[in-house]
Amino acid sequence: MSIRPVLAGLASLLLLAAPITPAAALQVAPGQQTTAIASTRLSVPASDGRAVLLDVWTAPDERGVVVFSHGFGGAPEAYRRLLSAWAQHGFTVIAPLHVDSQKHPNRDATGQVAFVTRLVDLGVARTEAARTHPDKPLIVAGHSFGSLMSLIEGGAVTVAGPMGDPAVKGVIAFSSAGNIPNVVTPDTYRTLDGPLLMITGDRDLVPGFADDWRDHRTAFDASPAGDKTLMIFAGADHQLPGTADGERFDQIVRATEDFLDAYALNDAAARARLQTFAADGVTVERR
């Protein structure tokens, strides 16, 4: 892969780290309980000579696999309640600990390194999914910077070129990265023709990068219509997938699990539930 065209824009990616400090990325909302399914840690060699660390939530009764990419500076454990819920629902979750994570033993938060190694990490995760969970349908998901990675896996084309995986059945994107100068082009999301669930909030701001929460809806607006759903949670900020609790957390779990069932398992009833999803404080748009 040639990455020279993207280098000028990679500095912009570092702005995604602004709200993802250790306290913000790994905070746990009051009243959260220990997850029912704990993760295990794998170390898998990559083609670039690194050992890629993968956190895995294994589904007891597996029906599919999710590859998840965390936010810049964060870690999979920040989302453990949600990822555990998906595993309980029958979807094993494989989540790399990216090198930009403040939990990574060999941390490197350089924009260029973060972009390139994340793509490698996720390739390793998908290969591991195919090797150890053969014939299981694959969904990709991510938060913030990780959502850009999941959108690329699902077919979005940045200036780095096409890197989509045809095995991907759908994309779940929390707080999409939006319009990153010199990386995301006006055509980036025109090739994102598969199912998409985007979740954001009307206080989902990243100062200096996404000063308007509507920037997070770009992939929804610019991708081809068909099986696209956008959910906007009133009052929710950039940390929504890691800090939601109570009814809000239940709504996120319900919507995402219906998406998993609908598009990984071709479950018509789940698709109907997703298409009619409604809840107080949540604005839903469909294309």
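This section describes the fold, cores, aromatic contacts and selected residues of a predicted model.

The protein chain comprises nine helices and nine strands, and of its 287 residues 57% are buried. Among the contacts in the protein chain with a separation of 6 or more, 76% are accounted for by residues 24 or more positions apart. The mean pLDDT of the chain is 89, with 88% of residues reaching 70 or more. Two segments in which the value stays under 50 deserve mention: residues 1-5, for which the model has nine contacts beyond four places in sequence, and residues 14-35, for which the corresponding number of contacts is 52.

The nonpolar interior was examined next. The largest nonpolar core contains 44 residues, of which Phe115, Leu148, Met149, Leu151 and Tyr189 touch the most other members. The element giving the most to this core is helix α4, spanning residues 111-132, with a contribution of seven residues. A second core, separate from the largest one, is made up of 39 residues, including Val93, Leu197, Ile199 and Ala262.

Aromatic contacts were considered over the whole structure, and the search finds four aromatic pairs. In one of these, the ring centres of Phe68 and Trp86 are 6.4 Å apart and the ring planes stand at 70°, so the arrangement is edge-to-face, the class assigned to planes over 60 degrees apart. Because Phe68 belongs to strand β3 (residues 64-69) and Trp86 to helix α3 (residues 80-88), the pair ties together parts that are 18 residues apart in sequence. Phe68 and Trp86 are both buried, and together with Tyr79 they form one aromatic cluster.

Two arginine side chains are also placed over aromatic rings. The charged end of Arg81 sits over the ring of Phe249, at 3.7 Å from the centre of that ring, while Arg287 lies over the face of Phe220, with a distance of 5.8 Å from the ring centre.

Several individual positions were then inspected in their local surroundings. Asp100 is located in the loop between β4 (91-96) and α4, and its relative accessible area is 0%, so Asp100 is classed as buried. A polar atom of the Asp100 side chain lies 2.9 Å from the backbone nitrogen of Gly73. When neighbours within four places in sequence are left aside, the residues in contact with Asp100 include His70, Gly71, Phe72 and Gly73, as well as Arg107, Asp108, Ala109, Ala114 and Arg118.

Gln251 is placed in helix α8, which covers residues 246-264. With a relative accessibility of 6%, Gln251 counts as buried, and, not counting residues up to four places away in sequence, Gln251 touches Phe233, Phe277, Ala279, Asp280 and Val282. Gly242, for its part, is found in helix α7 (residues 240-243) and likewise counts as buried, at 12% relative accessibility, a value under the 20% limit. Although Gly242 and Glu77 are 165 residues apart in sequence, their C-alpha atoms are 9.0 Å apart in space.

The backbone geometry of two further residues was also examined. Most residues other than glycine have a negative phi. Asp135, which is not a glycine, has a positive phi near 70°. This residue, Asp135, is found in the loop between α4 and β5 (138-143), where its relative accessibility of 81% places it among exposed residues. Ser144 likewise has a positive phi, of about 60°, although it is not a glycine. The position of Ser144 is in the loop between β5 and α5 (145-153), and, with a relative accessible area of 0%, Ser144 is buried. The two positive phi values therefore occur in loop residues of opposite accessibility class, Asp135 being exposed and Ser144 being buried.

Methods
Residues numbered from 1 in each chain as written. Predicted model: local features only at pLDDT ≥ 70, side-chain atom pairs only at ≥ 80, totals over all residues. Heavy atoms only, no water. Phe/Tyr/Trp six-rings, centres within 6.5 Å; stacked < 30°, edge-to-face > 60°. Helix = DSSP H or I, 4+ residues; strand = E, 2+ residues; numbered from the N terminus. Buried < 20%, exposed > 50% of the residue type's maximum accessible area, 1.4 Å probe, protein only. Lys NZ or Arg CZ within 6 Å of the ring centre and 35° of its normal. Core = buried A, V, L, I, M, F, W, Y, C linked by side-chain atoms within 4.5 Å. pLDDT = per-residue confidence, 0-100. Contact = heavy atoms within 4.5 Å. Polar contact = N/O pair within 3.5 Å; in protein donor to acceptor, adjacent residues only side chain to side chain.
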